[in-house]
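The following exercises ask you to work through one structure step by step. Please keep the sequence and the 3D view at hand while you read each solution.

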Amino acid sequence: MSRARTLRIDRIACTGQGLCAELLPELIDLDEWGYPVLKDRTVPDRLRAHARRAVAACPVLALHTDDDRT
Amino acid sequence: MTSSAAARFAPHPLAPGPGDPAARLLAGWYATGRPATLADHLRHYGPPPLASATGGRTPLPLAEAMTAAGLTGRGGAGFPTARKLGAVAARRGRCVVVVNAMESEPASRKDQFLIAVAPHLVLDGAVLAAMAVGADTVHVCLPRDRAAQYRRLSTAVDERRRARLDQVRLRLHALPHSYVSSESTSLVRWLNGGPARPQGGPPRTHERGVGRRPTLVHNAETLAHLALIARYGPAWYRQVGTPDEPGTLLVTVSGAVRAPAVLEVALGTPLATVLDRAGGATQPLRAVLLGGFAGTWLPAEQLRTPLTRHDLAPLGAAPGAGVLVALPEASCGLTETARVLTYLAAHSARQCGPCRLGLPAVAEDFTALAAGRADADLLSRLRRRVGLLPDRGACRHPDGAARLAASALHAFADDVDHHLTHGACPAAHRPPRLPVPPATAPETWR
Ligand code: SF4
Ligand code: SF4
């Protein structure tokens with residue numbers, strides 16, 4: 001059984017400009033100031049690879065995926 | 001507390017007497033009318049029941065008593081006290097207790113008043129909590145600009161030290177004062193040598209806080225209640241209030257009432273009765289602001305609502321920090337709200353984009369609306385921007401501002417229409433009612 005993963009943004013670290021939204025438009029929007037809005041926190045299985053790529057691409061390591069099983 | 005604040009919020013003849021079951025935290029004060037020394041305190045309440053708090057870290061008799069009493073945090077969030085105690089005690093390693101006496105809410109005086117008249121109740125609660133979770137240190141956090149309060153508490157700490165009352169270390173700290181420095185993570189960050197700005201998580205404070213130790217942060221009033229429950233038991237505590245929300249809370253009543261005051265009221269008391277206890281309204285009311293600057297406007301028609309989380313939830317409101325401000329008919333709720341939002345925007349910690357950029361944008365929109373300078377898109381833009389604030393900061397600051405803005409649009413819906421179609425109402429030009437401090441950014445965070 002696969003475990004649910006959820007997206008989390010470290011709001012203090014995040015500098016906006018939204019590379020993450022480009023790489024994961026299914027789950028992340030940008031507001032009018034360029035800061036991410038999570039459309040859905042839960043990462044569906046089919047988007048796992050995309051989510052991983054977005055996490056890796058954040059220049060300030062502000063985007064995380066958490067294991068939700070606990 | 002400054003003497004003017006003390007005078008303004010002193011209990012008055014309409015406040016309950018010592019025989020009133022709702023007079024608990026303030027009972028000693030009502031009895032003598034002067035701040036309690038340690039001798040007064042011990043005479044009135046007896047020594048703190050330290051033995052029942054210790055008893056090893058598991059089981060936790062104090063936490064059990066708090067569960068049975070149903071005590072919730074009086075700082076605003078209303079989290080069950082027992083669960084916080086349990087969460088900290090469950091961690092390994094020495095713990096730390098932090099007393100949050102920052103009371104940064106500009107319309108609130110309750111913690112300042114409580115500390116001025118009954119400092120030992122607060123300190124008793126902190127020491128009992130420390131014994132219960134196995135902490136050796138209690139840090140008391142006060143704002144730097146309240147020198148009188150600092151003196152009062154250090155006198156109290158000295159009295160206890162001389163009497164060898166406590167087995168834990170009590171340390172006072174004077175922190176830079178801004179709206180968000182009373183956030184529990186701000187206190188922890190400051191005690192760790194950083195700025196008094198919210199920190200976000202994880203790890204959470206109860207896991208790794210001051211000195212990387214499990215840390216219990218409680219509001220001053222919560223700890224005073226805890227001290228009384230530890231003495232008199234949960235059944236005593238439940239004699240007033242409602243079955244689901246027992247006990248009393250301190251409410252700071254201000255605005256258009258005859259006798260602004262800090263009152264101790266039973267949970268479940270209708271808002272109108274609370275206003276009556278503050279001498280009643282001086283003129284017909286338009287609305288009340290409940291909870292604080294991050295609270296909710298309630299139209300005057302809703303004043304019969306009992307003061308409980310349960311009854312207020314359907315109205316989108318909560319007791320919050322126990323603030324109740326009466327707004328008279330002849331004033332403009334939109335203008336008042338715009339002033340508060342401008343203050344809240346200036347007092348954000350400027351760390352998170354949605355708060356740093358979103359809050360000023362919302363405040364600006366609101367100011368334009370209040371001044372009757374609205375463009376065609378203003379209302380839809382404002383609603384969208386308000387919707388973008390909640391849940392997007394490292395702390396709940398933007399959520400509170402959004403709650404205030406949304407409730408104003410709702411409670412003053414007629415005025416919104418009027419301002420959009422005809423420009424500002426005549427009341428918008430009257431002198432402001434709410435005591436909003438200047439909207440200048442905090443000078444320092446350290
Ligand atoms: S890529 Fe990182 S820093 Fe940029 S918006 Fe996304 S989370 Fe924020
Ligand atoms: S949400 Fe606002 S006040 Fe809270 S940490 Fe972020 S910038 Fe600071």
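**Exercise 1.** Determine which residues B:R381 is in contact with, leaving aside its neighbours within four places in sequence.

*Solution.* In this predicted model, start by placing the residue: B:R381 belongs to helix α18 of chain B. Once the neighbours within four places in sequence are set aside, the contacts of B:R381 are with B:D365 and B:D375. As a next step, look at the salt bridges that share partners, which join B:R381, B:D365 and B:D375 with A:E32, B:R384 and B:R385 into one network. For a sense of distance within the chain, take B:P80, which is 301 residues away from B:R381 along the chain and whose C-alpha atom is separated from that of B:R381 by 37 Å.

**Exercise 2.** Find the salt bridge that A:E32 makes with B:R384, and explain why the pair joins two chains.

*Solution.* First, check the distance: the side chains of A:E32 and B:R384 meet with N to O at 3.4 Å, and the cut-off for a salt bridge is 4 Å. Second, locate the partners: A:E32 is in the loop between β2 (28-30) and β3 (36-38) of chain A, while B:R384 is in helix α18 (residues 378-387) of chain B, so the pair joins two chains. Third, consider accessibility, where partly exposed covers the range between 20% and 50%: A:E32 counts as partly exposed because its relative accessibility is 39%, and B:R384 counts as partly exposed because its value is 44%.

**Exercise 3.** Carry out the analysis for the salt bridge between B:D391 and A:R41.

*Solution.* The closest N and O atoms of B:D391 and A:R41 are 3.1 Å apart. B:D391 lies in the loop between α18 and α19 (397-411) of chain B and A:R41 in the loop between β3 and β4 (42-43) of chain A, and therefore this pair joins two chains. With a relative accessibility of 38%, B:D391 counts as partly exposed, and A:R41, at 39%, counts as partly exposed. To put the pair in context, the count between chain B and chain A is four salt bridges, and a search of the whole structure finds 27 over all chains.

**Exercise 4.** Describe the contact between chain B and chain A in terms of residues and buried area.

*Solution.* Begin with the residues: 20 residues of chain B are in contact with 10 residues of chain A. Then turn to the area, since the size of an interface is often given as the accessible area lost when the parts come together. About 1,200 Å² is buried between chain B and chain A, and carbon and sulfur atoms give 57% of this area. Of the area that chain B buries against chain A, B:L357, B:L388 and B:R392 supply 37%, which is more than any other three residues. Finally, note the predictor's scores for the complex, an ipTM of 0.91 and a pTM of 0.93.

**Exercise 5.** Work out which parts of chain B are joined by the salt bridge between B:D136 and B:R94.

*Solution.* The closest N and O atoms of B:D136 and B:R94 are 3.7 Å apart. This pair links distant parts of the chain, as B:D136 is in strand β2 (residues 135-143) and B:R94 is in the loop between α6 (81-89) and β1 (95-100), 42 residues apart. B:D136 is partly exposed, because its relative accessible area is 21%, and B:R94, with 48% relative accessibility, counts as partly exposed.

**Exercise 6.** Establish where in chain B the confidence is lowest and where it is highest.

*Solution.* For chain B as a whole, the mean pLDDT is 91, with 93% of its residues reaching 70 or more. The lowest confidence in chain B falls in helix α1 (residues 3-8), with a mean of 43, whereas the highest falls in strand β8 (residues 296-299), at 98. Over residues 1-7 of chain B the pLDDT is below 50, and this stretch has seven contacts in the model beyond near neighbours in sequence.

**Exercise 7.** Classify the residues around ligand 1.

*Solution.* The residues around ligand 1 include A:C14, A:C20, A:P36 and A:C58. Sorted by class, the shell has seven nonpolar, three polar and no charged residues.

Key: Residues numbered from 1 in each chain as written. Chains lettered and ligands numbered in written order. Predicted model: local features only at pLDDT ≥ 70, side-chain atom pairs only at ≥ 80, totals over all residues. Heavy atoms only, no water. Near = heavy atom within 4 Å. Nonpolar A, V, L, I, M, F, W, Y, C, P; charged D, E, K, R; others polar. Helix = DSSP H or I, 4+ residues; strand = E, 2+ residues; numbered from the N terminus. Buried < 20%, exposed > 50% of the residue type's maximum accessible area, 1.4 Å probe, protein only. pLDDT = per-residue confidence, 0-100. Contact = heavy atoms within 4.5 Å. Buried area = accessible area lost by both parts, 1.4 Å probe.
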